[in-house]
Amino acid sequence: MSRCLVALLIMAVCAGCGGLGPSVADRPNTLVTTGFGLPDEHATARVGVFRARHPEVDLRVNEGVLDEQQFLSAVAAGDPPDLVYADRRKLGGYAARGAVQDLGPCLRRQHVDLNTFREAAVRQVTYAGTVYGVPDFFSVRVLILNNPVLREAGVDPAALSTTDWQRLAETTAKLARTENGKIARIGFDPRVPEFVALWARANGADLVGDEPHLDDPRVVEAVRYTTDLVRAQGGWASFKAFRDTFDSFGANNEFVTGQVAAMAMDSWYVNTIAANSPDADVTVVPFTDRQGAPLTEAGGQAWAIPQGARHPDLACEFIATMTAADTWATAAKARRDALAKKGKPYSGTFTANRAADEKIFSEVYDPRGIRVLEQGVRVVQSVQDKAFALPPNPAASDLVRSWESAVTRVLLGQQRPEESMAQAQREADRAITRVGGR
Amino acid sequence: MVSAREARAGWLFVLPWVVGFLLLTAGPMLYSLGLSFTHYDLLRPARPAGLTNYREILQDERAAKALWNTVFFTLLHVPLLIVLALGLASLLRRAGRSAGFFRTVLFLPTMTPPVALAALFLLLLNGQNGAINAMLGWFGFTGPQWTTDPAWIKPGLVLMSLWTVGSTAVLYLAALTRVPGERYEAARLDGASPWRQFWHVTLPGISGTVYFTLIVNTIASLQVFTEAYTMFFGARPSTPAEGDAALFYVIYLFQEAFGSLRMGYASALAWVLFLVIAAITALQVRLSRDYVQYEDRS
């Protein structure tokens, strides 16, 4: 009896040890990515281009959003993937901790010219003068106006802007509606706390430069203004609960149902509206600063090579292929054709590579006469090179948490703007001090 | 008397658990205890920090807020769960032939994955057009903003947590059926009212089970994470739109570890929670000596 048990135990231990040998990732011509998915043709067609050029490479795309803990643990354990795909705002922290490689030599070897990439995106992947990533998608922030709702309230869509804050507050009050004590329509949604950096910049202040400026009086003024806009429309609790009821990705989205008159939003939402409600009568206009100049904030992802990657040369070639103008154009065509089969328009793809965008919008773009696309895409394109980006910071996650928490406290009426932003500044200073070692 | 051969066989049978415990529980626990005295960000070597992390916890307002949120949740959730489960179990006991059906119905919600449950309750609890406020409206009440008003977020989460009352109710039902019928008969002969029967016969008879569920649910409540994280931190892991009202202790620990990469500090937070749970459990064990009765003690 006991002999049988011992034998079973030995078999179990041996079976468990089967996984301790060299992993698949150690083999030559193998590439492992993390943080990148294959949800549509933008991904599959680009990966297809690389696979066609390198049929000998065993490319393993670990799908799903980036699991930061898993990624950093793998780097720390000396077992990283060959490539990481991450939000550009995260790269500064990875670079400061030595988790990703300097891509300078790789870019030179692959003849990747970062001058063809949008400046704001390149700024996001450059830490202490060294480039650690290659930008991929590129999104900006704009205003989306609901024409029928505005006209019904006697507001000319062409006249609504973020230039004159007093006037915007008055228009918001005119557009907002409550029924039986409940919010029935949001007049203007400033999208705070997410867009607070944009509002601060519109008021002439950067939340973060070489160091955080969260308690700058101009930042405090922007926080006070935007949170007052929300308070005047029923208060944050009701406002947020009402917003949570939107079917934002459906045919009955907030613009179709008239639940929103105007809001600040990321540019990708223009594509979403066009795909799901092509007849929606909306106008896209640039966000403007208080002098009336168009202003927007850049966002998106980037590719990077982790420290200790087993196949850095191959990874570098992969990045160069994925972000090349021709590859993007191939992906755009595949996306357009797939949508055409469903009878849907192709609203274009906004990349960080200017040359790619030129190809896409001159050769592939297929708006099919849908007004929101024809009008909206022009506006998005017009502001792309005016975009700003906050500089990479090793404590980026903590800084974002500091200022978003501060704005939330004001929205909830727990603190006054100057008090809350002063606390945020103290927290940000502490986070930057801490990141030096902990 | 157990023979040496039987003892060896016994040890072999429990060996997988012992190995698993040492490698996967005790080992990591000791490692995290060591880490709690360091500054460690996963990528650079850990640096000794002495008691710095523990001192910082004492001054950390968010840690205090998270602890308070967690204690508040536990104080509401555990008694409500026990009372509701006991009520349901008493009803089930009287259900007669249909008891099996109701027992299944009652237990089914426990099978719902926590993430699905959280998504469901985000809709049910929506202050604007959620079903719960709609029902309150039938009785003339204006429901609160359960998911966005910081004052109502924790009560909303407690309400949601009662969804899984079935598992506790089934335990109580089993305990109730074991209370000897002659005790009730004796009590009735002595003229005891139903309430006095419950207080002096039923409750002592099931006190062992109540004590078990009290300890288990207290520990689980102090470690609440999944539902609150899905509801309020899923879209924006660092700062939910509702502020810190749903910031429970384990969520804060998770943020510090995997958001800010402060593994040393997060380990210290974990050990503080371990000590809090150990202290509360020790208190419950002490109190149980006076109130819990076991049949086999007599």
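**Close-up views of a predicted two-chain model**

**View 1. Annotated transmembrane spans of chain B.** An unreviewed UniProt entry lists, under "transmembrane region", residues 12-33, 71-92, 104-125, 156-177, 198-220 and 263-283 of chain B; such positions are given in the numbering used here, with feature names shortened, and annotations may be inferred rather than shown by experiment. The model is predicted, so that local features need pLDDT of at least 70 and side-chain atom pairs count only at pLDDT 80 or more, while totals for chains, interfaces and linings use all residues. Residues are numbered from 1 along each chain as its sequence is written, chains are lettered from A and ligands numbered from 1 in the order in which they are written, and side-chain values use heavy atoms, with hydrogens and water left out. In residues 12-33 of chain B the end C-alpha atoms lie 30 Å apart, and the span is 100% helix and 0% strand; for residues 71-92 of chain B the end C-alpha atoms are 31 Å apart, with 100% helix and 0% strand.

**View 2. An open sheet in chain A.** Five strands (E runs of at least two residues in DSSP, numbered from the N terminus) form an open sheet in the order β2-β1-β3-β13-β6 of chain A, with mixed pairing. Its edge strands are β2 (58-62) and β6 of chain A, each of which pairs on one side only. Pairing, which requires at least two DSSP bridges between two strands, is antiparallel over four bridges for β3 (residues 83-87) and β13 (residues 301-304) of chain A, where Asp87(A) has Gln301(A) as its bridge partner in β13(A). Strand β6 (residues 134-135) of chain A also pairs with β13(A) in the antiparallel sense, over two bridges, and Pro135(A) has Ala302(A) as its bridge partner in β13(A).

**View 3. The salt bridge of Asp136(A) and Arg46(A).** The side chains of Asp136(A) and Arg46(A) form a salt bridge at 2.8 Å, N to O (a side-chain nitrogen of Lys or Arg within 4 Å of a carboxyl oxygen of Asp or Glu). Because Asp136(A) lies in the loop between β6 and β7 (141-146) of chain A and Arg46(A) in helix α2 (residues 41-53) of chain A, the pair ties together parts that are 90 residues apart in sequence. Helices are H or I runs of at least four residues in DSSP.

**View 4. Backbone geometry between β9 and α9 of chain A.** Val192(A) and Pro193(A) are joined by a cis peptide bond, with omega about 10 degrees, and Pro193(A) lies in the loop between β9 (182-185) and α9 of chain A. Arg191(A), placed in the loop between β9 and α9 of chain A, has a positive phi of about 55 degrees although it is not a glycine.
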